[in-house]
Amino acid sequence: MILSELTTYLAEQKRAALIDLSHRLGSDPEALRMMLSMLERKGRVHKLPAGTACGGCSQCDPASVEIYEWLGTDAE
């Protein structure tokens, strides 16, 4: 169920920080990181380079924020 929620949320938002995904889905960041890694291997998401600004509140150090971007699939 959480993988489905994760893909739906990323597809809607286009990009999200790991900490935001953790809060939104009520899941441990490490568990999400493993799911995101699997989705990245499948070509559905891309982890953005360290230091990429999330475009949010600018309160976090950009170097400490993991941001993932939805790429989708050819079928979508």
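This is a short walk through the structure, one selection at a time.

**Start with the whole chain**

Keep in mind as you go that this is a predicted model. Show the chain as a cartoon and you'll find 3 helices and 3 strands. Trace the chain along its sequence and the elements come up as α-β-α-α-β-β. Switch on a surface if you like: the accessible area is about 4,900 Å², with 52% of it belonging to carbon and sulfur atoms. Of the 76 residues, 30% count as buried. Among contacts with a separation of 6 or more, 56% are between residues 24 or more positions apart.

**Select the sheet: 15-17, 45-47 and 67-70**

Color the strands separately. The 3 of them form an open sheet in the order S1-S3-S2, with antiparallel pairing. Strand S1 (15-17) and strand S2 (45-47) sit at the edges with a single partner strand each, so one side of each has no neighbour in the sheet. Look along the sheet and you can check the twist, which averages 25° from one strand to the next.

Now zoom in on the pairings. S1 and S3 run antiparallel and are joined by 3 bridges. On the S2 side, S2 and S3 (residues 67-70) also pair in the antiparallel sense, over 3 bridges. Pick Glu69 in S3 and look both ways: Arg15 is its bridge partner, and His46 stands opposite Glu69 too. One more to click is Lys47, which stands opposite Tyr68 in S3.

**Add the helices that lie on the sheet**

Bring in H2, residues 18-25. This helix lies across S1 and S3 and runs at about 85° to S1. Next show H3, residues 29-41, which packs on the sheet and touches S2 and S3. The direction of H3 makes about 115° with that of S2.

**Go inside: the nonpolar core**

Which residues have the most contacts inside the largest nonpolar core? Select Leu6, Leu10, Leu21, Leu32, Leu36 and Val45 and show them as sticks; the core has 14 residues in total. Helix H1 (2-13), H2, H3 and S3 are the elements that give two or more residues to this core. The largest share, 4 residues, comes from H3.

Center on Leu21 for a good look around. Leaving aside residues up to four places away in sequence, Leu21 touches Leu6, Tyr9, Leu10, Ala16, Gly26, Leu32 and Leu36.

From there, hop to Ser27, in the loop between H2 and H3. Is Ser27 buried or exposed? Ser27 has 15% relative accessibility, so it counts as buried, the cut-off being under 20%. With residues up to four places away in sequence set aside, its contacts are Ile2, Ser22 and Leu32.

**Now the charged pairs**

Side chains of opposite charge can pair when their charged atoms come close. How many salt bridges are found in the whole structure? A search turns up 4.

Go back to Arg15 and Glu69 and turn on their side chains. Besides being bridge partners in the sheet, they meet in a salt bridge, 3.2 Å from N to O. Arg15 lies in strand S1 and Glu69 in strand S3, so this pair ties together parts that are 54 residues apart in sequence. Arg15 is partly exposed at 34% relative accessibility, and Glu69 is partly exposed as well, at 23%.

Next, select Glu66. Its salt bridge with Arg33 has the closest N and O atoms 2.5 Å apart. This one links distant parts of the chain: Glu66 is in the loop between S2 and S3, while Arg33 is in helix H3, 33 residues apart. Glu66 is buried, with a relative accessible area of 18%, whereas Arg33 is partly exposed, at 26%.

Stay on Glu66 and add Lys47. Here is another salt bridge, with the closest N and O atoms 3.7 Å apart. The link runs from the loop between S2 and S3 to Lys47 in strand S2, 19 residues apart. Lys47 is partly exposed, with 36% relative accessibility.

For the last stop, add Glu30 to the selection. Salt bridges that share partners join Glu30, Arg33, Lys47 and Glu66 into one network.

Definitions and conventions
Residues numbered from 1 in each chain as written. Predicted model: local features only at pLDDT ≥ 70, side-chain atom pairs only at ≥ 80, totals over all residues. Heavy atoms only, no water. Buried < 20%, exposed > 50% of the residue type's maximum accessible area, 1.4 Å probe, protein only. Contact = heavy atoms within 4.5 Å. Areas by Shrake-Rupley, 256 points an atom, 1.4 Å probe, with all protein chains shown as cover. Pairing = 2+ DSSP bridges. Axes fitted to C-alpha atoms, helices over the stretch in contact; angles between N-to-C directions. Core = buried A, V, L, I, M, F, W, Y, C linked by side-chain atoms within 4.5 Å. Salt bridge = Lys/Arg side-chain N within 4 Å of Asp/Glu carboxyl O.
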